[in-house]
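Colleague: Before I plan anything at the bench, I would like a close look at a single part of this protein, followed by whatever surroundings help me to place that part in the whole. Please take your time over the reply.

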Amino acid sequence: MPATHDVLNQPPPLAGYDVAEDQAMLSALRREGAGWAEDSIRGLGRLAGSAQVQQQGRLANENPPALRTHDRFGHRIDEVEFHPAWHELMTVAVRHGLHAAPWRDQRPGAHVARAAGFYVWGAAESGHLCPVSMTYAIVPALRNAPDLAERFEPLLAAPEYDFGLRAPDTKRGLLAGMSMTEKQGGSDVRANTTRAEPAGDSSYILTGHKWFTSAPMGDLFLVLAQAPGGLSCFLLPRVRPDGARNGMHLQRLKDKLGNRSNASAEVEYDQALAWLVGEEGRGVRTIIEMVNMTRLDCVLGAATGMRTGVTLAAHHAGHRLAFGRKLADQPLMASVLADLAIESEAATMAAFRLAGATDRAARGDEQEAAFRRLALAATKYWACKRAPGHAAEALECLGGNGYVEESGMPRLYREAPLGSIWEGSGNVAALDALRALTRQPETAEALFAELDQAAGADGRLDRAITRLRKELTDPAEARARHLAEAMALTLQGALLVRHAPPAVADAFAASRLADESGSWGHAYGTLPSGLDTATILARVTPEVLTG
Ligand SMILES: Cc1cc2nc3c(=O)[nH]c(=O)nc-3n(C[C@H](O)[C@H](O)[C@H](O)COP(=O)(O)OP(=O)(O)OC[C@H]3O[C@@H](n4cnc5c(N)ncnc54)[C@H](O)[C@@H]3O)c2cc1C
């Protein structure tokens, strides 16, 4: 074909960049006690930004998993088949310990190092992080059954991705899932109807269904079921210790909005073998320990999604000309990008502060546990709530190209609402923050102790803290979202004032903490004028290393 035109004014592909070249993340990594992991995180960041891994992320999503309920002879097999790219992504994630390293690494900061790995590797692809996250999260809950923990924790923590249906004790590494939600109720798990009958020995037999069970190709699942003593938590292996398939039948895979590389199944349990974790009747209390760990990953997931979105947007705007000037140099586009950058940096700061609290709480620090209890619920609500709008705005920075699959933006956009649905939907997360506030006053004290460390540095923050104290005196259920937002925003502001460059902290305070209404609009890109957007943008504009 003869050339009809030259291709002009298109940015170079953003392949071969260092995802870990992220000053907000790196400084938080050091501050929260995991500076020792920097080299490894940087290695993972370069890999995540490589053309090869970007291709794997694309392929894993364009070739979603397929359910094979039966073999060609009619035997029930309940297998899920994945594209090789999925397995490659999983292999890297598990080799880097994103699924469990802190459970075998005693160094202070191990949870922060793992959070940083999860964050940078999330730029590669988000769907496969679901089993990674659940495997990380199952361990604290499993420890309520010390004999089961002793048996399986070393395999859950092993850096070996060993895919396939075999008896768990015979595998080199295990992956875990969570099976709570039923047709008649997800948030309200007390409505669960799956039954658990004592088998006569120490095990139970489970019969019933689950409406959502993600990563059903895993090895072990925490399942809620009604035992004689009430709703209880069980560990259910997909393959029984004798090598026979357990009675866990995959009915179909969900046809999901996003998260398409990952499988989420409807499951029926038919006389399935399981073991009790914790006491009968205390199932919610037991499984909530797993839910709480995954909530940290929801916040990290929102943060990494925002960072990826604003990076792609800043890269595009840094190369594309319109009306004779680079987009990034046009004042209104600079305001949009800076607004996105601030949101991203605030989410990253909060995520890493919570990862640090997780680390210290795991080592017995009660003050940090109290802080985490409230701040995580509020931040889970807010960061996940901000993610879809952020993705939509980042996408728009690319114009029509952003609406096209090849840009990667649609994948980011479809994934964005998920964090706010699972592990406590928006309302449920906000109500959980309210519950902590009213029933565990020490959590509010820990939050204000944190906020007070920033007192005096910025009058807008000081006034926001004063307003927050007043707001919290009326913890009405209908106000739960408002209060969770106020807590999360004030925490983000306090972290930025203490630890971010003045340009970033100033822009955050001028928009998100301003006391005068009208200083910040309802859409991104409505920052007040006079802010140092160039400094803010420099922090999110990637450098292409190769290709
Ligand atoms: C992709 C994907 C993967 C999933 N993977 C899993 C999995 O692996 N394991 C698993 O167990 N579940 C999984 N889920 C299910 C998920 O956890 C539930 O969908 C979620 O908990 C909400 O439950 P529900 O769908 O029954 O909605 P409902 O509980 O009916 O909630 C509907 C709406 O009502 C709101 N609401 C609920 N209670 C209140 C209240 N008291 N006051 C005000 N508003 C309220 C909620 O915030 C929500 O907006 C997955 C879901 C998705 C989308």
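Modeller: The part I would start with is a bend in a helix: in α10, a kink of about 30° lies at Ala387, shortly before the proline Pro388. Please keep in mind throughout that this is a predicted model, and that every value below is computed from it.

The helix that carries this kink, α10, runs over residues 366-396, and its 31 residues reach 44 Å from the first C-alpha to the last, which is close to the 45 Å expected at 1.5 Å a residue. At the start of α10, a side-chain oxygen of Asp365 comes to within 3.1 Å of the backbone nitrogen of Gln367. Along its course the helix is mostly covered, with 22 of the 31 residues of α10 counted as buried.

The helix also takes part in a pocket. The second largest pocket holds about 350 Å³ of space, and 17 residues line it, those closest to its centre being Ser511, Arg512, Trp520, Gly521 and His522. Two elements, α10 and α16 (502-512), each give two or more residues to this lining, and α10 gives the most, with three residues.

Two other helices can be set beside α10 with regard to span and burial. Helix α5, residues 110-121, has 12 residues and reaches 16 Å between its end C-alpha atoms, close to the 16 Å expected at 1.5 Å a residue. Its cover is given by the count of 12 buried residues out of 12, and these buried residues include His111, Arg114, Tyr119 and Trp121, as well as Ala110, Val112 and Phe118. Helix α6, residues 129-142, has 14 residues that should span 20 Å at 1.5 Å a residue, and its end C-alpha atoms are indeed 20 Å apart. Because 14 of the 14 residues of α6 are buried, this helix is largely enclosed by the rest of the structure.

One residue shows this for α6 in particular. Ala141 has its place in helix α6 and counts as buried, with a relative accessibility of 0%. Its C-alpha atom is separated by 8.3 Å from that of Gly278, although Ala141 and Gly278 are 137 residues apart along the chain. A separation of another kind is found for Arg439, which lies in helix α12, residues 426-439: the C-alpha atoms of Arg439 and Ser420 are 24 Å apart, with these positions 19 residues apart along the chain. Arg439 is exposed, at a relative accessible area of 63%.

As you may well ask about the cysteines, I will take them next. A disulfide is a covalent bond between the sulfur atoms of two cysteines, and the structure holds zero of them. For Cys130 the reason can be given as a distance: the closest cysteine sulfur, in Cys298, is 9.7 Å from the sulfur of Cys130, which is too far for a bond, since a disulfide needs the two sulfur atoms to be within 2.5 Å. Cys130 counts as buried at 8% relative accessibility, and Cys397 likewise counts as buried, at 5%.

A few positions outside the helices also deserve a look, beginning with the backbone. Most residues other than glycine have a negative phi. Asn9, however, has a positive phi, near 60°; this residue lies in the segment before α1 (23-31) and is partly exposed, with a relative accessible area of 29%. Glu423 also has a positive phi, near 60°, and its place is in the loop between α11 (409-415) and α12. In terms of cover, Glu423 counts as buried, at 13% relative accessibility.

The last position is Asp219, which sits in the loop between β5 (203-214) and β6 (220-227). Asp219 is buried, with a relative accessible area of 5%, and its side chain is joined to that of Lys171 by a polar contact of 2.6 Å.

To return to the part I began with, α10 is the helix with the kink at Ala387, with 22 of 31 residues buried, and with three residues in the lining of the second largest pocket.

Note on methods. Residues numbered from 1 in each chain as written. Predicted model: local features only at pLDDT ≥ 70, side-chain atom pairs only at ≥ 80, totals over all residues. Heavy atoms only, no water. Buried < 20%, exposed > 50% of the residue type's maximum accessible area, 1.4 Å probe, protein only. Helix = DSSP H or I, 4+ residues; strand = E, 2+ residues; numbered from the N terminus. Expected span 1.5 Å × (residues − 1). Bend = angle between axes of the 7 residues up to and from the residue. Polar contact = N/O pair within 3.5 Å; in protein donor to acceptor, adjacent residues only side chain to side chain. 1 Å grid on protein atoms, 1.4 Å probe; cavity = no way out; pocket = protein on both sides within 12 Å on 5 of 7 lines; lining within 4 Å. Points joined across faces, edges and corners; volume = space filled by probe spheres on them.
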